[in-house]
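Student: I'm new to this structure and would like a close look at one part of it. Could you start there and then show me how the rest fits around it?

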Amino acid sequence: MISARIAFNVHSPINYPLHNPQLQIFPPPFFRFAPAKPFPDRLRGIQILFCAENQFDSPCGDDSSNRKIAAPPGCNSVKAATWVGVATLTSKILGLLREVTMASVFGVGPVVSAFKYAWVLPGFSSSLLGGVNGPIHIIMATTLSKLPKERGKKLFLHLTTIMFLIGGVAGALVYIFPELILRIYAPGLWILVEGKIIREMAMDQLKIMAPCIVLAGPVGLGFGYMSAEGNNALPSISPAFSSSLLIVGCLIHTFSRRLNAPSIGGKIVAVAVSLGLFLQWIIQATVLRTEWSSIFLDSLSNIVKSRDVCEFFSLLLPATVSSGLAQIASFTDLCFASLIPGAAAGLSYAYLMVMAPLGALSSIIVLPLVATFSKQTSSWDNLVDNLERALLLSMVLLLPIFSVMRILAEPIIHVLFQRFAFDSSASALVSDVFLAYSLGAPFFITKDVLVAAFYALGDGKGPFLVSAGAVALNAFLDWLSVSRFNLGAKGLALSTSFTAAASTFILFHLLKRKLPGIANYTDIFYPTTLLLFCCLISNLATSATYKLMCQLLSSSTFFSRHHLMKALVTASIAGCLGIVSFFVPVIVLHLSGFKIVRDLYKMLIQQQSLRPMAKSHTL
C-alpha cells in the first residue's frame, strides 16, 4: 500500500465562483501528498502542488531514493525552459484573445450564457482533471518518474484503457440526459422568460461537447507521459489548440450570413471546443504512436488487478474529490446565476479581470514559498518571519494594482471587451461585478500564503475543513443576495468576496494557535492602516489624473475620432501615476522598510535558482 498523508487546499467559490478552466490564469486547487516511508518497488509518498503556471521537467538521475521532476542542468535546461515559457505565454495570450473574441461576437447574450452552463462537466473533465497541470497529468508524471521505463509504459496503457471506458460511460450518460444534468445546477433556466432559448442551446452544446469527457482522461495521461519523458512544450501549448479553433469558429459565425443565427453560433462554439481537444488527442497519438499501438490488448481483469493501477487511483481519487468539492462551489454560483439574465457571462468576464493579476502574483510569490516554508519548519522563528514578509509583500504588490483597477474598471473593460455585441450595458454589468470581486482580491492571495504555511507544518485538515465550510457559507450568501436582497450578479460576487475574507480570518486564527510567534491583530493594525491610506491616495490620484487626461485629450482631433485609443492612453497614464502615488507614502512612512521586500525577493530568486523550472513537485 502507499503510505501518504494527503493535504488539501480546495479553492472553493471564494476563489473559483465561475471558474474558466481553459484559460487557467489563476492556479487550480493545491494538493499535497506529504512524504512518507518508502516501500521497495512501490510508489512513494508524493508532494504535489497544482498550479497553472507550473510546468513539469524531465526527470534526471536514477536515484530512486530522491526522485524529482526537475530540468537537467546546462544549456538543455535553459532551452527547455525557454520553449516551455514561450508555449505557456502563447497559450495565455490566445486564451485572453479567445475571451475577447467571444465577448465581441456574442456579448453577454444567450450564446455565452448557454456555453458557461454547458461547459461545467466537459470543462471539469478536460481541464481540471485531464488538462495540463490537472490531477491526472501531475500524478501520471510523478508516478512514471519513479518506475522503470517498461513498467511505466505498461501502466500508461492500462490506465488509458480504463480512462477510455470510464469516459465513454460518463460521456454517454451526459449525451443521453443533458436536460436532467442542467436542471441540477441551472434550475433558473426553466423559470426565466428567455431561459428556454438558453437551455435549448446549452443542451445542444452539452451533447456536442460530450466527447470532451471521453477524451479527457487519455489526454491527461498522455500529457503526463510526455512530461515524464521531458517533453513539456506540447503540454504547455496544448490549450492554444482549443482557443485557436474557438476564435476561428467565432469568425466563421460572424462573417457567414447563413450561420449567423444564435443557435448556430452556440453549436459552432461547442464544436470548436470539442475539435480542439480531439486535435490534442490526435497529436498525442502521433507522438506516442509506439505506446498507443498496444492499447486494449490486455484483459480488463488483469488491468484492474494491476498493483500500479491500484496505487495510481489511490492517489488520484483524493485529488478528484478535492477538485469535485471546488466544482460543487461552482455549481452553487451557477445555480443562482441561472435566475439572473446574463449573470453567468458577466461573472465570467469580471472574474477573468480579477484573476489575471492574482494568478501572476500567486505564481511568483506563493508557489516558491511552499518549499521554502517546508524547509524552515525546524526553526519556527524563521518560518514566522518569512510568513509575515510574504503577507506584506503580497499586499504591497496587490493593493496598488486593484486600487487603480477599481477606479479604471470602466475604461479597462471598454478597451478589452466593448465592441460589436458587447455593448455599454454589458460593460456596466461586468464593471459592477468586477468592483464586487475586487473587494475580495487581497483575501484570495492571503489565503494561499496561509495555506502554504499550513502545508509546511504538515497540516492539511484545517484548510480542507475551512474550504468545505466556505462552500456552504457561499451557497447561503448566494441565496440571501439573490432571493432576499435582490442584488443580482453583483450580490453573487459580494458573497464570494465575503466568503474569502471569512476563510482568511479563520485560517489566520488557526495558524496563530500553531505558530505562537506570529503577529497579533494589534501588531498588524499599523501596516494595515497605512496600506489602506496608500490605497486612498492612489484612488484619488488615479481618479484626478483620469479626469484631467480625458479633458486634455478631448480637444485633440485624433483622439476624438479614435475613442478606443483615447481610453487606452488615459487609462495607462492614470494607472501608472496611481501606482506611483501608492508607493510614495510607503517610502516616506517606512512601511517596515524596503529591507523586508528586498530580503524576500532574494529568497524567492534563490528558491527559483535551486529549481530551474517548476520545481515544487517533489517526490
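What relative accessibility does F558 have, and does it count as buried, partly exposed or exposed?

Tutor: Let's start right there. F558 has a relative accessibility of 43%, and that makes it partly exposed. The reasoning takes one cut-off at each end: buried means under 20% and exposed means over 50%, so a residue in between is called partly exposed. Keep in mind that this is a predicted model.

To place F558, let's step back for a moment. The protein has 619 residues, and 57% of them are buried. Its secondary structure comes to 25 helices and 2 strands. Take the contacts between residues at least 6 apart in sequence: 82% of them join residues at least 24 apart. As for the outside, about 25200 Å² is exposed, with 68% of that supplied by carbon and sulfur atoms.

Now for the rings. A pair of aromatic rings is described by two things, the distance of the centres and the angle of the planes. The structure holds 13 aromatic pairs. One of them joins F278 and W281, whose ring centres are 5.9 Å apart with 35° between the planes, so the pair is called tilted. Both residues sit in helix α11 (residues 262-287), and because they are 3 residues apart there, about one helical turn separates them. An α-helix has 3.6 residues a turn, so residues three or four places apart point the same way. The two rings still differ in cover: F278 is partly exposed at 39% relative accessibility, while W281 is buried at 19%.

That brings us back to your residue. F558 pairs with F559, and here the rings meet edge-to-face, 5.2 Å centre to centre and with 80° between the planes. At 15% relative accessibility F559 counts as buried, whereas F558, at 43%, is partly exposed. So this pair, too, joins a partly exposed ring to a buried one.

The pair in α11 also belongs to something wider, since ring pairs link F164, F278 and W281 into a cluster. While we're in α11, have a look at T286, which lies in that helix as well. T286 counts as partly exposed, with 44% relative accessibility. A polar atom of its side chain lies 2.9 Å from the backbone oxygen of I282.

What about the surface? V169, L173, Y175, I176, F177 and L180 form a nonpolar patch there, and together they have about 620 Å² of accessible area. Helix α5 (residues 149-176) gives the patch its largest share, 4 residues. Y175 is found in helix α5, and with a relative accessible area of 47%, Y175 is partly exposed.

For the opposite picture, try α2 and α3. Helix α2 (residues 110-118) is mostly covered, with 8 of its 9 residues buried. Among them are V111, F115 and Y117, and K116 is on that list too. Helix α3 (residues 120-129) is mostly covered as well: 9 of its 10 residues are buried, including P122, F124 and L128.

Two buried spots show how parts of the chain come together. A103 lies in helix α1 (residues 75-106), and at 0% relative accessibility it is buried. Leaving out residues up to four places away in sequence, A103 touches Y349, F417, R419, A421 and F422. Its C-alpha atom is also 9.5 Å from that of D423, although the two positions lie 320 residues apart along the chain as a separation in sequence.

The other spot is S438 in helix α18 (residues 424-438). S438 is buried, since its relative accessibility is 5%. Setting aside residues up to four places away in sequence, S438 touches V354, F402 and R406. With R406 there is a polar contact from side chain to side chain, at 2.8 Å. A polar atom of the S438 side chain also lies 2.7 Å from the backbone oxygen of L435.

So when you go back to F558, picture a partly exposed ring set edge-to-face with F559.

Conventions:
Residues numbered from 1 in each chain as written. Predicted model: local features only at pLDDT ≥ 70, side-chain atom pairs only at ≥ 80, totals over all residues. Heavy atoms only, no water. Patch = residues over 30% accessible without salt bridge, like charges linked within 9 Å, V, L, I, M, F, W, Y side chains within 5 Å. Areas by Shrake-Rupley, 256 points an atom, 1.4 Å probe, with all protein chains shown as cover. Salt bridge = Lys/Arg side-chain N within 4 Å of Asp/Glu carboxyl O. Buried < 20%, exposed > 50% of the residue type's maximum accessible area, 1.4 Å probe, protein only. Polar contact = N/O pair within 3.5 Å; in protein donor to acceptor, adjacent residues only side chain to side chain. Contact = heavy atoms within 4.5 Å. Phe/Tyr/Trp six-rings, centres within 6.5 Å; stacked < 30°, edge-to-face > 60°.
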